[in-house]
Amino acid sequence: MDIAVIGAGYVGLVQAAGLTSLGHRIKVGEADANKLEMLSAGKVPFYEAGLEQLLADGMAAGLLSFHNDNLEAIAGAKVIFIALPTPQDEDGSADTSYIEGALKGFGASLEDRALVVLKSTVPVGSVARFQKQLDDMGANVVVISNPEFLREGSAVGDFKHPDRIVVGTRDQDAAETMIDLYKGLQAPVIVTDPASSEMIKYASNAYLATRITYANAIANLCEAVGADVKDVLKGMGYDRRIGHHFLNPGPGYGGSCFPKDTEALVAIADSAGYDFSLLKGVIEVNHQQHERMLEKVVAMLGEDLDGKRVGLWGLAFKAGTDDLRESPAMYLALRLQERGAIVTAFDPQASSPDVKQVDEPLEAARDAQLLLIATEWPEFQAVDMRAVHDVMGAANIVDARNMLDRRDMVRLGFNYVGVGR
Ligand code: NAD
């Protein structure tokens, strides 16, 4: 099938490369000239395990091409996936202006009966709104919802083995085309109306954010009553109604999706006249969780952080990605620097011009009065902590991801604090 993907970010690129593995021919439209240059040379502009190979395979098979002009990308395409950003607007709602702008640019040139498929996370009612925009432009197309559920860090696996495929349309032919398009994937397909499909995406992300926040709140309570959250969550997780997934306490959720999607769902609820106080609480508790990590640092180093050296392990919002968007690690680095601390960071993949970085975890810890572990990269567990102890100026650790064994750290002479233990 001839397909266009508009936007070569995390979602668009994985979708495009993934669809070539199902035998489809994909033309990608991307506005950023630098990204385009890298992509045309077979390089992925961000870190995502396995994506470069998938991209290379698609290009070698002659199934993938990149275009600066969206009109070139959509020419002849029967299905056009929209994978454009929907950032948070000032009032918390999702800003859909990237999509509006792009559709304005190529709407009138779409093939007759083409499907315009919204992969971007968009507010409930967007399918209807974009359908009207395209109808008004004289396009004879069907807009449908097909939300994306990939996780950065395992996005290629998530494309190949999705938990489910959700298609939101009332048009039977469009639904059948989508089922046909994903034929090579083994996953339940849920065909529903557009509003329900749009809602599934937000409801899923808000639930996951709530689960993380619940684990964080229980961790905070464990600290107050002298319980160990690791055992508490393990004990809870064996209940089949609960399960073990997504119950890891930490510095609060971050990333490009959960913070903006929870805010957007609150905005959707507000405008529909429903006070989503549960989710408002989640958002509030998540902010507090970032601050609690800072308080743990202050509890060890004192209120005056001016000139204090902090080694920071991790910058990315989670392990497996170089994405810094809404990263709790970045939040902590910047807040510490604001208060005069000298932060030296190490991250295996991510980098930021705003924080001094070194190439080895040991170098980040050198002369530091405190080591803050903010991203759960598994390689941190393999670092020789005796050597870390030797190079640090003072043996303090705030382990915001519970990566290290508290008893081992105490035995090595560290003053160690985790989350909920
Ligand atoms: P991204 O910022 O990584 O990618 C968007 C791309 O679109 C960028 O490369 C940008 O240069 C390009 N672009 C912007 N305007 C353009 C235009 N007019 N024409 C062509 N290209 C243009 O964003 P992302 O993380 O891939 O997210 C895209 C959407 O998918 C968002 O709605 C997001 O909420 C949703 N989503 C993201 C994830 C995730 O984990 N990143 C998961 C599920 C859903």
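Buried here means under 20% relative accessible area. Keep that cut-off handy, and remember that you're looking at a predicted model.

Start by selecting Cys-222. Its relative accessible area is 5%, so Cys-222 counts as buried. Now jump to Cys-257: this one comes out at 31%, which makes it partly exposed. If you're hunting for disulfides while you're on cysteines, the structure holds 0 of them.

Next, the ligand. Show everything around it and you should get 27 residues, with Glu-30, Lys-35, Thr-86, Glu-152 and Lys-260 the closest. Zoom in on Lys-35, where a polar side-chain atom sits 2.6 Å from a ligand oxygen. Then pick Val-11; here it's a backbone N or O atom that lies 2.9 Å from an oxygen atom of the ligand. For a ligand nitrogen, go to Asn-70: an N or O atom of its side chain is 3.0 Å away from one.

Last stop: the second largest pocket, with about 210 Å³ of space in it. Select Pro-259, Asn-286, His-287, His-290 and Glu-326 to land around its centre, since they lie nearest to that point among the 13 lining residues. Which helices give two or more residues to this lining? Colour H11 (258-271), H12 (277-301) and H13 (328-338) and you have them. H12 gives the most, with 4 residues. Colour the lining by residue class to finish, and you'll find 6 polar, 5 nonpolar and 2 charged residues.

Definitions and conventions
Residues are numbered from 1 along each chain as its sequence is written. This is a predicted model: local features need pLDDT of at least 70, side-chain atom pairs count only at pLDDT 80 or more; totals for chains, interfaces and linings use all residues. Side-chain values use heavy atoms; hydrogens and water are left out. A disulfide is a pair of cysteine sulfur atoms within 2.5 Å. Buried means under 20% relative accessible area, exposed over 50%, partly exposed in between (1.4 Å probe, protein chains only). On a 1 Å grid over the protein atoms alone, a cavity is a set of points where a 1.4 Å probe fits but cannot get out, and a pocket is an open set with protein on both sides within 12 Å along at least five of seven lines; lining residues have an atom within 4 Å of a point. Grid points are joined across faces, edges and corners, and a volume is the space filled by probe spheres set on the points. Ala, Val, Leu, Ile, Met, Phe, Trp, Tyr, Cys and Pro count as nonpolar, Asp, Glu, Lys and Arg as charged, and the others, Gly among them, as polar. A residue is near a molecule or strand if one of its heavy atoms lies within 4 Å of it. A polar contact is a pair of N or O atoms within 3.5 Å; within protein, one must be able to donate a hydrogen and the other to accept it, and residues adjacent in sequence count only if both atoms are side-chain atoms.
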